[in-house]
Amino acid sequence: MKKETICIQSGWKPKNGEPRILPIYQSTTYKYETSEQMGRLFDLEESGYFYTRLQNPTNDFVAQKICELEGGVAAMLTSSGQAANYYAVFNICECGDHVVMSSTIYGGTFNLLTVTMKKMGIACTVVDPDLPEEELRKAFRPNTKCVMAETIANPALVVLDIEKFARVAHEHQVPLIVDNTFATPINCNPFEWGADIVTHSTTKYMDGHAMTVGGAIVDSGNFDWSLYPDKYPGLCTPDDSYHGVTYTEKFGKAAYITKATSQLMRDLGSIQAPQNAFLLNVGLETLPLRMERHCFNAQKTAEFLENHDQVAWVNYPGLKSNQYYELAKKYMPNGTCGVISFGLKGGRKAAEKMMDELKLAAIVTHVADARTCVLHPASHTHRQMNDEQLKEAGVAPDLIRLSVGIENVEDIIKDLEQALSKIDS
Ligand code: PLP
């Protein structure tokens with residue numbers, strides 16, 4: 001099926017007489033006839049639901065849809081995008097291990113890896129994503145377990161050369177994890193370019209209406225963990241907490257997601273609420289339509305800003321003048337995303353004034369939903385970073401992040417125009 005059809009028809013497929021719409025399994029527990037049956041579930045000897053902290057049918061139907069959209073073999077939902085990125089890395093890293101990460105990654109992921117996971121004994125080397133391959137190679141160590149990057153970085157809008165990153169990761173026998181939140185599977189499928197694991201903050205375009213916080217992890221099934229048992233003992237050697245099951249032997253291509261579900265969800269418990277998964281599923285139904293409009297509107301808005309006297313610079317990969325234009329055309333020929341960043345000739349002060357004057361575009365700590373919104377990352381999402389880290393993350397102090405919604409683009413531009421006209425007054 002094509003992606004538009006998957007968005008509507010995949011996941012929940014009702015049988016005769018069953019509800020047409022995905023039911024919300026609002027239940028913490030599941031009933032069994034015999035104690036022995038329940039025991040087999042706990043031993044992973046049989047598949048089935050027993051407690052919603054680990055798995056829930058509503059979530060699984062939605063995860064299946066996302067899995068199909070990405071072209072993966074297994075997927076899971078998490079309570080947030082943060083949880084998705086944390087699980088994606090922690091599922092294959094432990095104390096003493098090392099991760100290579102793109103410097104332009106979302107601020108929350110940057111903090112997660114360089115501060116919180118560092119406290120857990122997992123080291124991280126931050127690399128400029130535009131480095132040539134021979135320079136990238138220098139970041140790897142014998143204990144490197146994965147590479148982490150973003151298809152389109154939030155908010156620097158750096159387009160990742162996925163093939164380059166995948167090649168270098170695989171040379172070092174580690175998987176490439178790509179956060180595909182901004183591009184969505186509608187505009188890019190990182191697995192087609194060599195990525196092994198994809199993560200999402202479903203809070204963004206997938207939900208699309210700013211209603212629910214959520215995340216997803218999808219496994220391509222392409223990385224053969226069993227070739228490196230010393231590197232990935234958690235997947236390739238018996239798990240004592242599950243009566244000696246070896247995930248790669250028992251679950252094959254589903255090993256990574258099964259381990260993340262049965263170990264990490266069990267112990268850390270960041271399941272997505274089934275109500276949220278239901279709403280996410282509604283959002284997914286219109287994702288292709290919305291992405292098309294987001295990209296159309298963002299292109300027009302970026303062109304308007306580029307031609308405005310008071311605008312110092314505009315960063316949007318759809319602009320021919322953009323340094324990532326060619327990479328974006330290669331990886332996302334149908335469009336990138338609805339997010340633009342720009343700076344004003346008047347600098348940071350003018351940026352703050354302009355934002356205050358906007359009427360249609362709201363100042364919110366969010367991005368990638370139906371409503372146009374703005375944010376000043378240096379004062380908001382990235383305020384924990386010092387100037388050096390901001391520079392490395394590609395976030396200029398005057399950078400305004402504009403998330404272009406799906407309203408009529410003429411109204412969006414009119415709003416920007418009137419706000420810009422007030423800057424000098
Ligand atoms: N990844 C990206 C690219 C993001 O933009 C965000 C949040 O903005 C996250 C991950 C974290 O997701 P969440 O806010 O759902 O935890």
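Biologist: Hi! How many Å is an oxygen atom of the ligand from an N or O atom in the side chain of serine 201?

Modeller: That distance is 2.8 Å, which fits a polar contact, a pair of N or O atoms within 3.5 Å (within protein, one must be able to donate a hydrogen and the other to accept it, and residues adjacent in sequence count only if both atoms are side-chain atoms). Keep in mind that this is a predicted model, where local features need pLDDT of at least 70 and side-chain atom pairs count only at pLDDT 80 or more, while totals for chains, interfaces and linings use all residues. Residues are numbered from 1 along each chain as its sequence is written, and side-chain values use heavy atoms, with hydrogens and water left out.

Biologist: Cool. How far is aspartate 179 from a nitrogen atom of the ligand?

Modeller: An N or O atom in the aspartate 179 side chain sits 2.6 Å from that nitrogen. Threonine 203 also has a polar side-chain atom 2.6 Å from an oxygen atom of the ligand.

Biologist: And how much of the ligand's accessible area does the protein cover?

Modeller: On its own the ligand has 390 Å² of accessible area, and the protein covers 90% of it (Shrake-Rupley method, 1.4 Å probe; for residues, only the protein chains shown count as cover).

Biologist: How many residues surround the ligand?

Modeller: There are 14, with Asn154, Asp179, Ser201, Thr203 and Lys204 the closest; a residue is near if one of its heavy atoms lies within 4 Å. Helix α4, residues 81-90, gives the most to this shell, with three residues (helices are DSSP runs of H or I, at least four residues, and strands are E, at least two, numbered from the N terminus).

Biologist: New topic: how many disulfides are there in the whole structure?

Modeller: A search finds zero, where a disulfide is a pair of cysteine sulfur atoms within 2.5 Å.

Biologist: Why is there no bond for the sulfur of cysteine 67?

Modeller: Because its closest cysteine sulfur, in cysteine 7, is 13 Å away, too far for a bond. Likewise, the sulfur of cysteine 188 is 12 Å from the closest one, in cysteine 337, so that is too far as well.

Biologist: Is cysteine 188 buried or exposed?

Modeller: Cysteine 188 is buried, at 1% relative accessible area; buried means under 20%, exposed over 50%, and partly exposed in between (1.4 Å probe, protein chains only). Cysteine 67 is buried too, at 8%.

Biologist: Last one: which residues does lysine 250 contact, leaving aside neighbours within four places in sequence?

Modeller: Leu44, Glu45 and Val245, with contact meaning heavy atoms within 4.5 Å. Lysine 250 is in helix α10, residues 247-251.
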